[in-house]
Amino acid sequence: MNEGNSVTFNVATTNVASGTQLNYTLGGTGITAGDVVGGQLGGTATVGANGQASFTVNIAADQLTEGTETLTATVQGQSASVTINDTSTTP
């Protein structure tokens with residue numbers, strides 16, 4: 001995915017009550033608060049009646065030439081990653 005886009009992470013749970021808040025953290029290779037719109041490297045997602053939760057992360061189009069980065073979301077010790085393509089150009 002490219003900078004300036006968003007990614008949605010989906011979490012499937014087993015035996016977790018609807019309404020339960022799950023904390024997530026964001027990190028990865030080259031990821032800083034400046035790479036995420038709003039600058040937050042964590043948050044919460046609420047489990048729905050179907051036992052699933054999701055959260056969307058908006059990636060900043062920061063115009064910094066950084067190269068490819070890897071965004072990793074972690075919930076309850078489980079992680080998923082996505083590659084972020086640098087869309088800036090070197091002046």
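These legends accompany a set of close-up views of a predicted model of one protein chain.

**View 1. The whole chain is built from strands.** Let us start with the overall picture: the protein chain has six strands and zero helices. Read from the N terminus, its elements follow the pattern β-β-β-β-β-β. The C-alpha trace spans about 50 × 20 × 20 Å along its principal axes. Of the 91 residues in the chain, 30% are buried. The chain exposes about 5200 Å², and carbon and sulfur atoms supply 46% of that area. Among contacts between residues at least 6 apart in sequence, 64% join residues at least 24 apart.

**View 2. Four strands make an open sheet.** Here the strand order is β3-β2-β5-β6, with antiparallel pairing. At the edges sit β3 (42–46) and β6, each of which pairs on one side only. On average, neighbouring strands of this sheet are turned by 30° against each other, direction ignored. As a reminder for this view, strands of a sheet pair through backbone hydrogen bonds.

**View 3. β5 and β6 run side by side.** Zooming in on this part of the sheet, we find β5 and β6 paired in the antiparallel sense over seven bridges. A good residue to look for is Leu 71, whose bridge partner in β6 is Val 82. Leu 71 will return in the next view, as it is listed among the residues with the most contacts inside the largest nonpolar core.

**View 4. The largest nonpolar core gathers 19 residues.** Which residues have the most contacts inside this core? They are Phe 9, Leu 26, Phe 55, Val 57 and Leu 71. Five elements give two or more residues to the core: β1 (6–12), β2 (21–29), β4 (52–58), β5 (69–75) and β6 (78–84).

**View 5. Val 57 and its neighbours in space.** Staying with the core, this close-up centres on Val 57, one of the residues with the most contacts there. Leaving out residues up to four places away in sequence, Val 57 touches Asn 5, Ser 6, Val 7, Phe 9, Leu 26, Val 36 and Leu 71. Three of these names, Phe 9, Leu 26 and Leu 71, will be familiar from the list of core residues in the previous view.

**View 6. Asp 35 is a buried acidic residue in a loop.** Asp 35 lies in the loop between β2 and β3. Is this residue buried or exposed? Asp 35 counts as buried because its relative accessibility is 3%, under the 20% limit. Its side chain reaches the backbone nitrogen of Thr 32 at 2.8 Å. Beyond its neighbours within four places in sequence, Asp 35 is in contact with Gly 30, Asn 58, Ile 59, Ala 60, Asp 62, Glu 66 and Glu 69.

**View 7. Ala 33 shares the loop between β2 and β3.** Ala 33 is also placed in the loop between β2 and β3. With a relative accessibility of 32%, Ala 33 counts as partly exposed. Not counting residues up to four places away in sequence, Ala 33 touches Gly 39 and Leu 41. For a sense of distance from the core residue Phe 9, the two are 24 residues apart in sequence and 18 Å apart in space, C-alpha to C-alpha.

**View 8. Asn 15 has a positive phi.** Moving to the loop between β1 and β2, we meet Asn 15. Although Asn 15 is not a glycine, its phi is positive, at about 60°. Asn 15 counts as exposed because its relative accessible area is 81%, over the 50% limit.

**View 9. Gln 76 has a positive phi in the loop between β5 and β6.** Gln 76 lies in the loop that follows β5 and leads to β6. Its phi is near 50°, a positive value in a residue other than glycine. Gln 76 counts as exposed, at 63% relative accessibility. Setting aside residues up to four places away in sequence, Gln 76 touches Leu 22 and Asn 23. How far apart in space are Gln 76 and Thr 65, which are eleven residues apart in sequence? From C-alpha to C-alpha, Gln 76 and Thr 65 are 33 Å apart.

Conventions
Residues are numbered from 1 along each chain as its sequence is written. This is a predicted model: local features need pLDDT of at least 70, side-chain atom pairs count only at pLDDT 80 or more; totals for chains, interfaces and linings use all residues. Side-chain values use heavy atoms; hydrogens and water are left out. Buried means under 20% relative accessible area, exposed over 50%, partly exposed in between (1.4 Å probe, protein chains only). Contact means heavy atoms within 4.5 Å. Accessible areas come from the Shrake-Rupley method with a 1.4 Å probe; for residues, only the protein chains shown count as cover. A nonpolar core is a set of buried Ala, Val, Leu, Ile, Met, Phe, Trp, Tyr and Cys residues joined through side-chain atoms within 4.5 Å. Two strands pair if DSSP finds at least two bridges between them. Axes are lines fitted to C-alpha atoms, for helices over the stretch in contact, and angles run from 0 to 180 degrees between N-to-C directions. A polar contact is a pair of N or O atoms within 3.5 Å; within protein, one must be able to donate a hydrogen and the other to accept it, and residues adjacent in sequence count only if both atoms are side-chain atoms.
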